Each structure stands twice: as structure tokens, then as C-alpha cells.
Amino acid sequence: MTQVASHRHTDSDSEQEHVPFFDLSMQMNSLSDEILEAIRPILASGAFIGGGVVSEFEERFARYCGAKYCISLHSGTAALHLALLALDLEPGAEVITAANSFVATAEGIAFANCKPVLVDIDPSTYNLDPELLEKCISAKTRAIIPVHLYGQPAAMKEIGEIAASRNIHVIEDSCQAHGAELNGRRAGSFAQMACFSFYPSKNLGAAGDGGAIVTSDPSLADRIRLLRNHGSKVKYHHEILGHNFRLDAIQAAILTIKLRHLDKWNEQRRNLAKYYDEQLSKISGIVIPATAPGAHPVYHLYVIQVDDRAAIEKALTARGIGSGVHYPVPIHLQPAFSNLGYAKGDFPITEKAAGSIISLPMYPEMSRSQQDRVISALREALPEKQS
Ligand SMILES: *Cc1c(COP(=O)(O)O)cnc(C)c1O
């Protein structure tokens, strides 16, 4: 997972040279007065759990996504876990997801006593390849969780059609895709349920952990509300076995403030991506990210591919430029999931990507001069294209 850097800007030369992989400080500084003002009454009232501040955020976020209900939770992992529990599947039910995702997608499936079944990805979008989906569907398949990886919507139309023809549920892992669009619709409105994370470095991030499920199905919304709060609607009356997975009021207040800026921040990310695309496509040896037809990504991450990643990482580090790899070890090769019985070679496209992807610095407040420093570092490390 992305590390959240708290980077202080000073006038010293070495600090100026530095281009962090991710930087929240400008965003938090510009909003800190407003945030403190929103938190003060919560501290004074002691209403830290639930209440109007939480339901206000839920209403706003549901509306933002184009869904009827939002059930806020304490993490994206909890959202994936509860979305599956809400479907009340039999133990051992198979749930299909992409081999190339953050480990939490598979964790959510395993926590719900289901079996993760992995599918390889489309080499250009890094998202679950719908062409490979049919082969993975068995008599035990109950749900598919496409991940909108790096902020680009998965092939929801194709996936939705395959799922609908077989009565299989679809849940979006939208944890990297707040505000991402496909054919004019927003992530969160493509499937029966969608799971979001508000981890600080996500496009919409809390000042701590947070998450949510959005859905337009009232009975699923009801069941998720029970599951997140000890199976209880009325205090000390517990209808079903539940969890303590609530979002707290302080995080909800912060998210309500930050949600107002999300579209602007996503647009800034898109502008940065456009400039990276233009400049990096002039350098040979770099594969820039592809946009699927109809998709309007939000660039949670800007991921390129290079042949010699170790050399590129070294060159960037030497110039004080941060980078990341999302993700270096695919889910099927993680010791935590060795019980699934997968082996090296099972998902060749995911494995090849895992060896050559590198995520460049990307956050809304990144300056043109910082971006130019990243681009010239890559230009120095790789040859110019002959045209
Ligand atoms: C961040 C993330 C999650 C998990 O979210 P948390 O809030 O960290 O639990 C799940 N899936 C994907 C794709 C993510 O990026």
C-alpha cells in the first residue's frame, strides 16, 4: 500500500530537489482551519460514533456516486468483507477477482468464508480481462469483484453481461476510483454494490482509516447497516451476528469537507496524467497507461512500464524522486494465499506487469516543475525516440 508522506517544504536546496511520491501536506494545510472548525463541536458534544455528521456524509457520498445509499465503514477492507456477508453466500462459495490488485480484495473474500478465484488482466488496462472470465466460472461461482485499478473503471458492461446471464452478483472494488467514470456514469453506480476506501492516500482520503459501501438496493443497505453495528438496530438487541466496522464522526466530518474538492482534485490528476502522457510518449522504452473506450479515469496512480525497472528506480531515487510499485507480488504468489493452490506462471500477464510496472509521483498539488524533474530524470535514464 502507498505510504502517506508528510513532507515539509523548506527553502533548502536538498528539499527543493525532492519530488515525493505522494504528498498530502498542501491539501491538509489548505483545509485545516475548516476541518478544525468542523471537529470542534464533535469534541465538545462527545458524539464520536454515529449521529448526524456521519449520516450527512453518507447522503452526500451516495449522491456523488449516483447510488441511493451509502453505509460508511472503518475501511475499504471492511467494505469488501461486509458486501459479501450481506449476500449471505454458502461457505466455500467462489468469488472471482483480478490477480493484480491490492491484497485487501482477496482478504475481503476470504473473511466472508468464500474462496477467491483469480483471473488474469488485460495487458493494456491492468484490469480484469472479461475474455478470461468464462473459463473461471464454476457451479460454485456466486460473485465477481472487478477492481477499478489505478483509478480506471474495469470493463463493467462486459462483466455485467456475463454475470447477469448466470445470476452471479457483481461488486465493484472502487477503492482506487472515487469519481472515475465509464460512459458518463460514476464508479459506485455500475453494480449491485461498490466498495470504497478512504485510506489517507486514496483520491478521497480521511485523516485515518475509513471506507464505505454504496448501493441502490434497500434490503442490502439494511443488512449492511446491521452487519457493521453488532447486528443491532435497537441498542442491546442483536438480530444477527455483526461486527464493529463503523466510521467515526470526526472522519465523516473531514470526508464531507474533502468531498467538495474531489472533482477538482481528480481534474488536477487528469491534467498531470495528460502532461506525463505527452512527454513520456516521446521517450522510448516507456509504456504509458492506456485508457479504455468510454473510460474517464481518475489516476489514483500513474503507472508506466519499463524493461529495466531496477535501473529506473535507482535513477529516480538518485535524483530525490519517489516512486512505487503497485504491486510487486501478485495475490496468487503471496504466502497468505498459498492455500489457494496457485503457482508461478498461472497468471502470466499479471506476473509480467508485476515485474515491469512503476508508479510515478502523482497527487493533485504536484507542480509542473516537479513533474518536469520526473520527466527529465526518465529522459536521462532512457534514450529519446528516433522519429
Ligand atoms: C486501498 C484498497 C483496498 C482496501 O482499503 P483499506 O481502506 O486500506 O482497507 C481494497 N482494494 C483496493 C484496490 C485498494 O486500493
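**Ligand site**

I began with the side chain of D173, where an N or O atom lies 2.8 Å from a nitrogen atom of the ligand; I take a polar contact to be a pair of N or O atoms within 3.5 Å, with the added conditions within protein that one atom must be able to donate a hydrogen and the other to accept it, and that residues adjacent in sequence count only if both atoms are side-chain atoms. This is a predicted model, in which local features need pLDDT of at least 70 and side-chain atom pairs count only at pLDDT 80 or more, while totals for chains, interfaces and linings use all residues. I note also that residues are numbered from 1 along each chain as its sequence is written, and that side-chain values use heavy atoms, with hydrogens and water left out.

I then looked up the oxygen atoms of the ligand, and found one of them 2.6 Å from an N or O atom in the side chain of S197, and an oxygen atom 2.5 Å from a polar side-chain atom of T77. On its own the ligand has 380 Å² of accessible area, of which the protein covers 96% (Shrake-Rupley method with a 1.4 Å probe; for residues, only the protein chains shown count as cover).

Which residues come nearest to the ligand? Of the 16 residues around the ligand, I list G76, T77, Q176, S197 and K202, where being near requires a heavy atom of the residue within 4 Å of the molecule or strand. I sorted the shell by class and got six nonpolar, eight polar and two charged residues, with Ala, Val, Leu, Ile, Met, Phe, Trp, Tyr, Cys and Pro counted as nonpolar, Asp, Glu, Lys and Arg as charged, and the others, Gly among them, as polar.

By element, α4 (76–86) and α5 (104–111) each supply at least two residues of this shell, and the largest share, three residues, comes from α4. Helices (H or I, at least four residues) and strands (E, at least two) are DSSP runs, numbered from the N terminus.

**Pocket and cavities**

I next looked up the largest pocket, which has a volume of about 310 Å³. Of the 16 residues that line this pocket, G50, R225, R228, N229 and R246 are the closest to its centre. For these terms I work on a 1 Å grid over the protein atoms alone: a cavity is a set of points where a 1.4 Å probe fits but cannot get out, a pocket is an open set with protein on both sides within 12 Å along at least five of seven lines, and lining residues have an atom within 4 Å of a point. Grid points are joined across faces, edges and corners, and a volume is the space filled by probe spheres set on the points.

The lining of the largest pocket has four nonpolar, six polar and six charged residues. Both α3 (52–65) and α8 (218–228) supply at least two residues of that lining, and α8 gives the most, with four.

How many cavities of 30 Å³ or more does the structure hold? I count four, and the largest cavity has a volume of about 100 Å³. Its lining includes T125, Y126, L149, Y150 and Q152, and also P289 and A290; by class, the lining of the largest cavity has nine nonpolar, two polar and no charged residues.

**Backbone and loops**

I checked the backbone for unusual angles and noted a cis peptide bond from H326 to Y327, with omega near 20°. Y327 sits in the loop between α11 (309–318) and α12 (348–356), and V329 is also found in the loop between α11 and α12. The C-alpha atoms of V329 and E351 are 8.0 Å apart in space, with their positions 22 residues apart in sequence as the separation.

D88, although not a glycine, has a positive phi of about 55°, and its place is in the loop between α4 and β2 (94–98). Is D88 buried or exposed? It counts as exposed because its relative accessibility is 59%, where buried means under 20% relative accessible area, exposed over 50% and partly exposed in between (1.4 Å probe, protein chains only).

N167 also has a positive phi, near 60°, in a residue other than glycine; N167 lies in the loop between α7 (156–165) and β5 (169–173) and, at 74% relative accessibility, counts as exposed.

Last, I looked up E90, placed in the loop between α4 and β2 and partly exposed at 34% relative accessibility. The side chain of E90 makes a polar contact of 3.0 Å with the side chain of R142.
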